[in-house]
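Biologist: Could you take me closely through one part of this model, the place where helices pack against one another, and then set it beside the strands found elsewhere in the chain? I would like a connected account, with the residues named.

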Amino acid sequence: MRRIWIAVSISDGSLGVPALPSNLGAPSLRSKGGIKICLPLLLLLPLLALSAPAQSAPTPSPPVTTITLGQSIVALTGPWKFHIGDNPKWADPNFDDSQWETVDLTPKQGSFDPQLGFSGFVPGWTAKGHPGYSGFAWYRMRIRITSADGPLALLSPSNFDDGYQVFANGCLIDSYGNFDRPIPRVYYSHTVMLVIPEGAIQHTSDAAASGNIVVAYRFYMAPATLLQPLVGGMHSPPVIGLASAVTAAYHVAWEEMYRVQLSGVAAAILYVALGLLILMLYAFDRAEKILLWPLAACALGVLLHSLWFYGLNTQAMTESQLSILDGVESFIFFGLWLMTWWIYFGLQERKWIRNTIGVLVLSNIAVFSLLDILMFGGSASHAVFLAYTTIAFSNSATTLVLLISIAYFGWRRPRRASLALFLALLLYALMFSQPALDRLHVRTTWFAFGISFPLALMLEFAMLFCFSLVLLDQFRSSQGRRQAMEQDMKQAQEVQQVLIPADLPHVPGLTIESEYRPAREVGGDFFQIVPHPSDGSVLIVTGDVTGHGLQAGMLVALLVGAIRNQASHSDDPLVMMQNLNQRLLGRGSAHATALALRIARDGACTLANAGHMPPYLNEKEIAMRGALPLGMIEDAEFSVMRFQLAPGDRLLLLSDGVAEAQDESGHLFGFDRIQALLQKPITAAEIATTAQNFGQQDDISVMAVTRLADRNPGAPGSRS
């Protein structure tokens, strides 16, 4: 942006002092798009302006404005001498600027900032005969101070483009920006108070020259600022007065600046509140992954508004740095909201929308960052401005097409989104209308209690409110689905309790005990005990399906039904494994390990295994050949073995949930601990409890079968 030099001189004249404009002392804020906010400065101290008849001089002299100061401050509205270009000699108080242009900084009645509608706006040099000019320019003014009984200070323009150096009688007082390089580094503008050194004021015996000050402002405006209307130099007048009075006005200016930014702070707070709401909803239901997109948008919204508040009120970042950083964050923020609309309207199958959003965001970050560097670099060519304008127009058109496409395809879906979501999308689209309205000089900013309310910000508030209604509706629907799922889970648990009976069947000559501890409400382990109705044998089938929860419970129901059906035809363990394998084939990831054991009346055992843990016979693991789980391949071979169960022998059937129990340090319960556990008499319930206390990770099932010495009496089975 461009800096302009202003020269002001004070002498014994009798010109009337113009009234202070309504935006005196108002800091200006500039956004990436070049939006400026001119903050009105409330002058609490009385304005004292004395005038006297002008005294004639024998020779022509430059015009001099006489200001008599008491406890007052005076706006230096003019007349100012103005010239584009740059020359160090123009700071010299003796330089003849009579041929320069004359500029009056008195705002016209009813004038307002074309960007945000602030009153008291003075157009810059691009609107006063120098369109398209960026670079250096100077303002000079001669004033004469009388009746000043203390040090003087200058409250520099609050609304300007883009940086400046200020001189008093040729002495450099201060700078706003870094002028130690050919192309100055400039910052976003705000009010600065400058103390005028005593040595910069002429004190001579000549009454016509004593108290004179030539104030010169050297401004620089970067080429990027030309993208905004009516730019260049000062848009509000400086203020001069006693240091005590100017200090009071300076503090008032900053208070007003903070007040006008409260709407931006409120937007950041609103994003924080919405983000907390989304976090609570996500904590309630982690399955709602779509909440992560608006949550990321809220986090970036807080960062964006905080960045601007920080950048506008400090000189920690130059305009170029802040503009590039804001551009990157803004495009990501823009992409996150587009992705939010795409997902919430249920258009995931239309991947071209997602791909277009990604390309648009990444290309805009790269292109506009490069253009910002060029346009803040000093001298941007016409081609750069044309490229910037063309790409910006193309970007807006593409965005509009995307938003219309999302709304159109969302409306055509059989299950349409809520009206609140469509309204939120409409408000989001209207947020992009403010730059066009600014170009048409339509007022897009209003004030209440000194706080600015730009149209885009108010639309953003309304959009966030509507989207919060969408989130609350989503929460109610999610809660309803959760309650329905809990009801389904409860019913599945009841079904599983029926499938795994609490009372074990009576088998003559055997004592059977079992213990079942599901890891969740519905487990994936199962067992069935089917006594033969005539020959005194018993078929025991135990297993473990993949997964947990409702899906595993439904698979258990399928297998238990198949076991009961097959047992009515054949109690051969191998045939049982083959039949169960056929039931699971073609069901995707539906797999299960299983073990089928037939114990004859005389203790002869036939065991078929499909990937299940081998049983323990008298505390020793039975060595078996490995086999694939059920449901893997059609012609799977299962390991089969036969052995004799003598009177007093104990057979222990365990699920892998015992060996895979895991403590807080990640150590497994393991087979060694199982082996040590079996070295002393222990019940099935005690084994299950030990593994569960160690750290249950999976369903735990334990079954112990003991052959009695006398088969005739028989003993009833038991289950803990």
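Modeller: What follows starts from one tryptophan, moves through the three helices around it, and ends with the strands.

This is a predicted model, and the account should be read with that in mind. The residue to begin with is Trp-341, which is found in helix H4 (residues 319–344). Trp-341 has a relative accessibility of 0% and therefore counts as buried. Setting aside neighbours within four places in sequence, Trp-341 is in contact with Leu-403, Ile-406, Leu-421, Ala-424, Leu-425, Tyr-428, Met-463 and Phe-467. A further tryptophan, Trp-293, lies 48 residues away along the chain, with 9.4 Å between its C-alpha atom and that of Trp-341.

Two helices, H6 and H7, supply many of the names that recur below, and they can be taken in pairs with H4. Two packed helices are described by the angle between their axes and the distance between the axes. For H4 and H6 the angle is about 20° and the axes are 10 Å apart, and the two helices are therefore roughly parallel to each other. The crossing of H4 past H6 is left-handed. On the H4 side the contact is made by Phe-331, Phe-334, Leu-338, Trp-341 and Trp-342, and on the H6 side by Asn-395, Thr-399, Leu-402, Leu-403 and Ile-406. Sorted by class, the residues in this contact of H4 with H6 are eight nonpolar, two polar and no charged.

The second pair is H4 with H7, whose axes come within 11 Å and cross at roughly 155°; these two helices are therefore roughly antiparallel to each other. Here too H4 passes its partner, H7, in a left-handed crossing. Phe-334, Trp-337, Leu-338, Trp-341 and Tyr-344 in H4 meet Leu-421, Ala-424, Leu-425 and Tyr-428 in H7, and the contact of H4 with H7 has nine nonpolar, no polar and no charged residues. Trp-341 is thus named in the contact of H4 with H6 and in that of H4 with H7.

The third pair closes the set. The axes of helix H6 (residues 382–412) and helix H7 (residues 419–430) come within 11 Å and cross at roughly 165°, which makes H6 roughly antiparallel to H7. The crossing of H6 and H7 is left-handed. In H6 the residues involved are Leu-403, Ile-406, Ala-407, Gly-410 and Trp-411, and they meet Phe-422, Leu-425, Tyr-428 and Ala-429 in H7. By class, this contact of H6 with H7 has eight nonpolar, one polar and no charged residues. Leu-403 and Ile-406 of H6, and Leu-425 and Tyr-428 of H7, take part in this contact and are also among the residues in contact with Trp-341.

The strands can now be set beside these helices. Strand E13 (residues 212–221) has 10 of its 10 residues buried, so it is largely enclosed by the rest of the structure. In a regular strand the side chains alternate between the two faces of the sheet. Both faces of E13 are covered, with Asn-212, Val-214, Ala-216, Arg-218 and Tyr-220 buried on one side and Ile-213, Val-215, Tyr-217, Phe-219 and Met-221 buried on the other. Strand E7 (residues 135–146) pairs with E13 in the antiparallel sense over 10 bridges, and Gly-135 stands opposite Met-221 in E13. Strand E10 (residues 163–168) is joined to E13 by six bridges and runs antiparallel to E13; the bridge partner of Ala-168 in E13 is Val-215.

Two open sheets complete the account. Four strands form one of them in the order E4-E15-E8-E12, with antiparallel pairing. Its edge strands are E4 (73–75) and E12 (193–196), each pairing on one side only, and its twist averages 25° from one strand to the next. Within this sheet, E4 pairs with strand E15 (residues 239–242) over three bridges, and the bridge partner of Val-74 in E15 is Ile-240.

The other open sheet has five strands in the order E19-E20-E21-E22-E25, again with antiparallel pairing. Strands E19 (525–531) and E25 (639–644) stand at its edges with a single partner strand each, so one side of each is left without a neighbour in the sheet. The twist averages 15° from one strand to the next. Helix H11 (residues 573–584) lies across E20, E21, E22 and E25, running at about 155° to E21.

Key: Residues are numbered from 1 along each chain as its sequence is written. This is a predicted model: local features need pLDDT of at least 70, side-chain atom pairs count only at pLDDT 80 or more; totals for chains, interfaces and linings use all residues. Side-chain values use heavy atoms; hydrogens and water are left out. Axes are lines fitted to C-alpha atoms, for helices over the stretch in contact, and angles run from 0 to 180 degrees between N-to-C directions. Angles under 35 degrees count as roughly parallel, over 145 as roughly antiparallel, 65 to 115 as roughly perpendicular and the rest as oblique. A crossing is left-handed if the near helix is turned anticlockwise from the far one by less than a right angle, and right-handed if clockwise. Contact means heavy atoms within 4.5 Å. Ala, Val, Leu, Ile, Met, Phe, Trp, Tyr, Cys and Pro count as nonpolar, Asp, Glu, Lys and Arg as charged, and the others, Gly among them, as polar. Two strands pair if DSSP finds at least two bridges between them. Buried means under 20% relative accessible area, exposed over 50%, partly exposed in between (1.4 Å probe, protein chains only).
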